[in-house]
Each structure stands twice: as C-alpha cells, then as structure tokens.
Amino acid sequence: MKIVYKGLNAIAMQSVATLVSVVSTIPYNNVIEERVKVYQDKVNNKDDIVIIPTEYSIEHYREKEEKIASYCEYTSVNYDKENQKLDVGFICKNRCKIVNLDIKNGSIYVDIELIDRQPFLPEHEKIKSEIFERFKEYLKYDIINVATIEAVKNANDIDCLIKEIAIACKFDVQTKRKLLEELDASKRLEILKSELETRIYEQKSDKGQNIFLYYKNKINELNLSAEVKRIAYDELTRLKNTRPGQGEYGNIVDWLDRLVALPWQTVKEENKDIEYAKRMLDETHYGMEKLKQKILDYIALRIVSGKNQSQIMCLYGPPGVGKSTIVKSIAKALNKDFFNFSLGGVSVSEEINGMKRFFVGAKPGRIMEGVTQAGSKNCIILLDEIDKMSSQSNRGDPYSVLLEILDRNQNAEFKDRYFDVPFDLSQVMFIATANDISAVPDPLKNRMEIINIEGYSLNEKVHIAKEYILKKALREIGVDENLVTIQDKTIQTIIEDYTFESGVRQLERALSEICKKYLISLQMKNMPIVPKEISLEEAREFLGEDYYEEDYNLALEGEVGVVNKLSVSGPTGSVSRLEIALVKGNGEQILSDNLVGTAKWTFKTVFGLVKSRCKEWGIDPSVFESNNFYIHSPHHAISHDGPSGGVADVLCLISAIKEIPINHKYAFTGEISLKGKVLAIGGIKEKLLAAQRNKIETVVVPLSNKKDIDKLSNEIIGDMKIKYVDNIDEAYEFVFNQSEQ
C-alpha cells in the first residue's frame with residue numbers, strides 16, 4: 001500500500017534536491033528575526049518539506065503529467081546578521097509523486113505519494129559495475145576522499161548510489177532533475193552512466209587540464225568590449241585564487257561558461273530574396289497580408305540600406321488564427337535563428353532579466369538564454385502571450401523589464417542581472433503575440449507596432465482546412481498528405497457543427513481526429529491503407545456528437561423583451577441575448593452584475609431616450625413609475641462592457657414594454673446618443689464574423705460604419721443582410737413596423 005501524506009508545505013526551487021542535501025538562500029530583504037526563529041523551530045522539530053524542482057515557474061510545473069519532487073527534512077539554519085543573509089538546509093529522505101497541489105495565500109501545499117526506493121536487481125549488476133569503473137576513472141582527474149569511494153562501492157540501492165555520485169561529481173541542476181524525475185530504474189542508471197562519461201570527457205579536455213588557460217583563450221577569441229573583458233578577467237583572477245571544491249568555485253565556472261557561450265559577434269547571414277520569402281510565407285499560412293507585406297518591406301529596406309534594422313511587432317488576434325506559427329515561418333523566410341519564449345504565467349522579473357549570482361540556483365533570464373540557444377545576435381525571439389503576464393509586487397514587474405528590452409534606445413546595452421555586463425540586443429527581431437491587447441500596459445504597447453491578425457470567415461476556413469490543416473495533420477501522423485480528402489460542403493458542415501471559434505484550432509483537432517480514426521478503422525479491419533474521400537456521414541461517425549448545439553445564448557423565436565446583441569470580447573466577436581423583464585414596482589432599474597462599465601451606464605441614456613419618445617412610440621409614460629426593470633445578459637456569465645449595445649438596449653426595452661417580439665434572426669450594434677443619433681462603433685469585422693457563425697440573417701449597424709463594411713470581403717458578409725441606420729427612429733421603424741420589414 002502506497003504511503004500518502006496530505007497537506008505538506010512545499011517550496012519551488014530551480015536547484016534540485018535529488019537525494020542530496022541542498023541549501024536555499026532566502027533573499028536578504030525578507031529576513032527578520034522572527035523568521036530565523038521560525039526556521040530554527042522547523043530544524044529542531046525535523047519538520048518535513050517538499051521541494052518542487054521548477055525549471056521555469058510553478059505554473060509550468062503544474063502542467064506536467066508526472067509531478068516528481070523531493071520529500072525532505074529541515075536540517076540547518078544559518079543567519080548572517082551582518083550581511084542579512086539566511087541559509088536554510090534540507091536533506092532529501094525520499095522521492096515522491098505530487099497527487100495534488102494548491103496555492104493558498106502565497107504558500108504551496110501538496111499531497112504526496114512516496115516512491116519506493118529502488119533496489120538493485122540482477123539485471124542491474126552489469127551497469128552498476130560499469131558505473132563504478134567510470135567513477136574510478138573520473139577520480140583520476142578530480143580527487144575524492146576514500147570514504148566517498150567506499151560509499152559508492154557499498155551503495156545498497158539505486159537512490160543511494162545516485163546520491164553519493166551526485167555529491168562527489170557536483171552534478172548540475174539539469175542532471176539532477178533528470179535523475180529525480182525519471183521513474184524507470186534502468187533508465188536512471190543509464191542517465192547516471194552517461195553523465196559520468198560526460199564528466200570524464202570534460203576532465204580530459206583542455207578545460208579540465210588547465211581551466212584558467214581555457215577560459216582566457218575563450219575570452220580573447222570573443223573580441224569583447226573593454227568593459228566586458230575587464231569584468232571577465234576579474235572573474236578569471238577570482239577563479240585562479242579559488243580552489244576546486246570551494247562553494248564560490250562552481251559559481252565562477254558557471255558564470256564563465258555562460259559568458260563565453262553568448263553569441264557576442266555571431267550574426268547570421270539573412271535572406272535577401274523577396275520572392276523566396278513570399279513563397280515561404282504563403283506556403284505555410286493563408287491570408288495575413290499586412291504582416292507578410294511588413295516582412296517583405298523589411299527585406300527590401302535591408303537590401304537598400306544595408307543595415308540590420310531591428311523590428312518590434314505585436315501580433316494581436318483571437319486564439320487559433322496562427323499568430324505563433326507564422327513567426328516560425330518568418331524566421332525561416334528571413335533565414336534567422338529562432339527562440340520561443342512563452343510569457344504565459346510569468347509573474348516575476350527574474351524570469352526575464354535573470355537572478356543575481358549569489359542566490360542558490362541563480363541563472364540568466366530567458367531573453368539571454370534565448371539568444372544563447374538561438375546562437376546569433378540577429379535572431380528572432382517570439383514573446384508568446386505577452387498579455388498573460390502578471391506581477392508579484394515584491395519580486396519586480398516583468399512588464400517594466402520588457403519596456404527596457406523593447407526600447408531601441410536602451411537595448412543596445414542590456415544588462416541581465418546574472419551577467420551584469422552589457423549585451424547588444426538591438427539586432428534581435430522581437431515579435432510578441434497577444435489575444436487581449438487591452439491587458440498589455442499602454443507604455444509597452446507604444447514600444448511595439450501592433451498588427452491585428454483577424455479571425456476567418458467560413459469560406460476562408462474551408463480553404464485553410466483543404467490546403468493547410470488536412471495536409472499538415474496527415475504529415476504529422478506519418479502518411480501521405482493526399483491520403484485523405486474531404487469535400488468543401490463536408491468541411492463547411494464540420495465547421496458549423498463541431499467548431500465555434502474565430503480561428504481554426506478546434507477545426508484542426510477535428511480534422512486530425514477524422515484522419516486518425518480512419519487509419520485506426522483500417523487497422524482494426526486488417527485492411528490496406530488506401531486513399532479515401534471522407535463523406536459527411538463518415539466524418540460524423542468519427543467525431544461523434546456535435547460539438548456545438550444551439551443553446552440559450554441567442555434570442556428564440558417569439559420571445560418578448562429579448563434581442564441579439566453584437567459585442568467584442570478581447571479579440572473575438574460574439575452574439576449574446578439581452579433580456580429585459582418588467583415587474584410591478586417603483587421604476588427601479590436592476591442590472592445583473594455582469595453588465596459593467598459603460599455598458600451599465602448606457603442604460604441611463606437608454607431609459608432617458610425611451611421616456612422622451614413615449615408619445616411617438618405609443619408608450620404610456622406611467623409604465624416607468626409602476627414597474628421595476630430587470631436587465632440581464634446571460635452569455636457565458638461574461639462581463640459585458642462598452643457603449644456599442646445602445647441600439648439593442650433601446651429596442652429590447654421597447655419590446656418588453658409593448659410586449660412585441662423582435663425577429664430572433666436579427667442582431668444589433670451601435671452606440672446611441674440621448675437625442676437618438678446612432679454613432680459608429682469599433683470591431684465591425686469581428687462582430688460580423690460572430691453573426692455569420694451564429695447564422696444571423698440580418699445585422700443592424702450604424703450608417704457611419706458603412707465605409708468600414710465596404711472594405712470587407714464578400715466572404716465575411718456572405719448571405720447576411722446589412723441594415724444601416726443613422727438614428728433610432730430608423731431602427732424602430734425597421735424592427736416594429738411590419739410594412740418596412
């Protein structure tokens with residue numbers, strides 16, 4: 001029976017307690033005398049703690065299927081009052097699986113299941129012997145005391161063996177993480193053997209034989225600036241005066257390793273063939289003409305000026321339209337190296353600009369790591385989901401760090417906190433993506449050129465499905481991309497019945513599922529793989545129940561006091577029902593809590609307008625004194641803001657008062673003035689796409705938006721009728737006067 005502990009306190013560390021003791025340095029600005037006493041009590045009581053091996057963030061760790069951590073015990077506490085530094089030590093007692101993880105009031109609590117210590121089995125004897133022989137070979141280059149050799153030789157289980165060798169060889173964090181998180185015993189031994197071989201090769205290299213000379217030559221080869229070279233030589237002097245095994249020695253070596261790995265002078269030759277770039281972009285993505293033209297303009301300017309102009313763009317649009325994937329295609333079209341930095345969940349500035357070296361587990365920020373991995377100074381760095389960042393008030397604001405990085409006047413001498421030397425980021429092409437641009441602070445938006453990647457019409461989705469998605473799905477499965485074909489009409493039905501989105505992400509899943517199910521059906525029947533055109537009936541059989549079913553989000557036929565209201569939520573348009581009901585009362589307006597901001601205050605204008613038009617519209621003014629008005633919009637319980645629902649609000653109120661239903665196939669948008677003027681609104685394309693998805697037949701829009709609609713393709717409007725109104729009387733006549741309909 002598995003041993004389970006519930007509600008244990010946990011901490012997330014980038015250093016890893018892999019069956020060895022670790023020390024965590026608590027930041028000095030948090031240290032107070034009371035905390036020292038708290039930790040001392042934990043040590044005295046031998047309290048338990050779970051150390052979570054986070055590589056990037058706790059949210060990134062939470063997404064893992066198998067969450068392996070270290071079940072530890074407090075062992076020591078050391079408070080340096082003069083330097084305001086608190087070190088807390090732990091020793092690992094066991095590996096464990098996290099079966100539940102909660103964050104309450106800034107603290108992490110977990111339920112864990114202990115992982116049994118892994119004994120040596122007969123099949124492990126050979127690799128155990130090989131590991132011991134390689135460990136002895138390693139000792140020729142790195143002297144270890146006899147007690148350590150005996151401890152490795154006499155290790156009675158795999159965990160004990162890993163512990164002793166990890167301590168002796170000072171394994172890095174990445175190696176410890178691999179040894180911790182791997183569950184299979186044989187694979188853990190293979191990892192251990194491989195890492196020992198790597199250590200032997202390193203010790204045999206020039207670096208191992210004369211580490212000072214190795215770094216000196218590397219630094220001289222890099223042609224660094226005088227300032228950086230001076231700091232690097234200061235570190236070399238410290239290295240020369242520090243003996244291996246001292247705590248500071250590994251810190252210096254790690255810093256020098258990372259410094260010389262940076263591409264200080266490496267600039268990759270860019271593509272200057274405009275036709276090739278255009279062909280590459282068109283082959284991978286449909287539409288996005290503004291963005292593609294921007295890239296072609298960049299190449300043309302590069303040819304004319306001969307300068308590598310940095311670009312800072314933000315691709316803004318609904319999920320699933322290809323914002324992130326187009327950036328990879330841009331890198332390929334320009335022949336640039338590429339690094340993807342996902343900002344979703346980033347909440348501390350250290351993840352972007354690094355951590356000071358004196359902290360345990362310190363490392364550079366993701367920007368400098370990205371440049372290192374890309375391998376060139378003129379690479380492309382994707383700042384994915386820039387709108388998903390947040391900030392912890394006591395650990396820096398990541399948005400503020402990005403302000404410096406994305407400022408052309410500052411990023412030529414960007415200083416990562418880990419390196420603390422200037423590095424030129426001015427040639428890096430930064431491309432950010434965002435679903436909700438309103439969540440990005442205005443100063444940061446001003447640093448970027450924002451390009452709207454709009455949603456797709458039904459016909460555009462059909463084209464994308466045939467020419468891109470279906471072929472991609474088949475390639476990823478590993479079969480010929482022309483093996484499966486689907487007729488346009490069938491794809492259109494799949495889109496309408498199984499997806500409900502501005503982009504094509506759900507459509508991609510649906511078509512991939514059809515391809516997989518077809519191949520599985522052939523395998524189950526022991527039939528050969530042959531080309532196949534999938535019929536609608538077969539597609540429904542493979543996909544099962546319809547994904548989208550008409551529900552209570554839209555107005556129903558014959559309903560009184562209900563209209564379809566067009567709105568934009570983030571980058572996506574939507575159609576939602578607005579409901580108004582009259583109940584005997586004293587004229588109070590009772591709005592649901594999800595009607596907020598200007599949407600809430602618009603109703604003051606709406607009621608004022610309707611009261612002023614009672615005579616023209618045949619309304620008894622006393623209705624406003626003898627009734628309460630309940631107003632609600634139940635669309636997914638989403639908060640509704642913005643003034644563009646004014647026309648819909650007026651017509652819905654009139655419908656409720658006069659008990660006349662409004663055509664449930666109509667949808668409305670338009671801001672209203674107190675005198676009845678219908679004002680222009682934004683997001684017209686997104687709203688029309690939403691109306692198309694919801695099979696709205698007629699859309700009522702402001703006359704002043706006609707110029708915007710005239711620019712849209714016929715694919716977006718399709719068979720929908722557009723009714724333009726300049727004032728509320730025109731809208732009233734169109735909706736309630738049957739002769740005008």
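Which charged end sits over the ring of Phe-212? The charged end of Lys-240 takes that place, 5.0 Å from the ring centre. This arrangement, like everything below, comes from a predicted model. A second charge over a ring involves Lys-128 and Phe-120. Here the charged end lies 4.3 Å from the centre of the ring.

Rings also pair with rings. The count of aromatic pairs comes to 12. Tyr-418 and Phe-419 form one edge-to-face pair, because their planes meet at 85° and their ring centres are 5.3 Å apart. Tyr-418 is buried, with a relative accessible area of 3%. Phe-419 is buried too, at 3% relative accessibility. The rings of Tyr-666 and Phe-734 are arranged otherwise: their planes are at 20° and their centres 5.2 Å apart, so this pair is stacked. Tyr-666 belongs to strand S20 (residues 666-668) and Phe-734 to helix H30 (residues 728-736), so the stacked pair ties together parts 68 residues apart in sequence. Both partners are covered. Tyr-666 has a relative accessible area of 9% and is buried. Phe-734 counts as buried at 12%. Elsewhere, ring pairs join Tyr-39, Tyr-74 and Phe-90 into a cluster.

Strand pairing was examined next. Strand S4 (residues 68-80) has strand S3 (residues 48-53) as an antiparallel partner, and four bridges join the two. Within this pairing, Asp-48 is bridged to Glu-73 of S4. S4 also runs antiparallel to strand S5 (residues 85-104), with 12 bridges between them. Ser-76 stands opposite Gly-89 of S5. S4 and S5 make a hairpin, with four residues between the strands. Gln-84, in the turn, has a positive phi of about 50°. In a regular strand, side chains alternate between the two faces of the sheet.

Two helices illustrate burial. Helix H27 (residues 684-693) is mostly covered, with 10 of its 10 residues buried. Charged side chains are part of that set: Lys-685, Glu-686, Lys-687 and Arg-693 are among the buried residues of H27. Leu-688, Leu-689, Ala-690 and Ala-691 are also among them. Just past the helix, Lys-695 adopts a positive phi of about 60°. In helix H20 (residues 488-498), the buried residues include Ile-491, Ile-494, Ile-495 and Tyr-498. Thr-490, Thr-493 and Asp-497 are buried in H20 as well. The buried residues of H20 pack against three helices and two strands: H19 (458-477), H21 (505-524) and H22 (536-543), with S14 (484-486) and S15 (532-534).

A buried loop residue was also examined. Leu-224 lies in the loop between helix H9 (211-221) and helix H10 (226-240). Its relative accessible area is 8%, so Leu-224 counts as buried. Beyond residues up to four places away in sequence, Leu-224 touches Ile-219, Lys-229 and Trp-264. Ala-331 is 107 residues from Leu-224 along the chain, and the C-alpha atoms of the two are separated by 27 Å.

Nonpolar side chains tend to be buried together in soluble globular proteins. In this model, the largest nonpolar core has 58 residues. Ile-352, Leu-383, Ile-386 and Ile-405 have the most contacts inside this core. Helix H11 (residues 247-261) gives the most to the core, with seven residues. Ile-386 touches, among others, Leu-343, Tyr-399, Leu-402 and Val-440, leaving aside residues up to four places away in sequence. Cys-314, Leu-444 and Met-448 are also among the contacts of Ile-386. A second, separate core has 53 residues, including Tyr-298, Tyr-456, Leu-519 and Leu-522.

The cysteines were checked last. The whole structure contains zero disulfides. Why does Cys-314 form no bond with the closest cysteine sulfur? That sulfur, in Cys-379, is 18 Å from the sulfur of Cys-314, so the distance is too far for a bond. Cys-314 is buried, with a relative accessible area of 0%. Cys-652 is likewise in no disulfide, and the nearest cysteine sulfur, in Cys-614, is 16 Å away. Cys-652 is buried, at a relative accessible area of 0%.

Methods
Residues numbered from 1 in each chain as written. Predicted model: local features only at pLDDT ≥ 70, side-chain atom pairs only at ≥ 80, totals over all residues. Heavy atoms only, no water. Phe/Tyr/Trp six-rings, centres within 6.5 Å; stacked < 30°, edge-to-face > 60°. Buried < 20%, exposed > 50% of the residue type's maximum accessible area, 1.4 Å probe, protein only. Lys NZ or Arg CZ within 6 Å of the ring centre and 35° of its normal. Contact = heavy atoms within 4.5 Å. Pairing = 2+ DSSP bridges. Disulfide = S-S within 2.5 Å. Core = buried A, V, L, I, M, F, W, Y, C linked by side-chain atoms within 4.5 Å.
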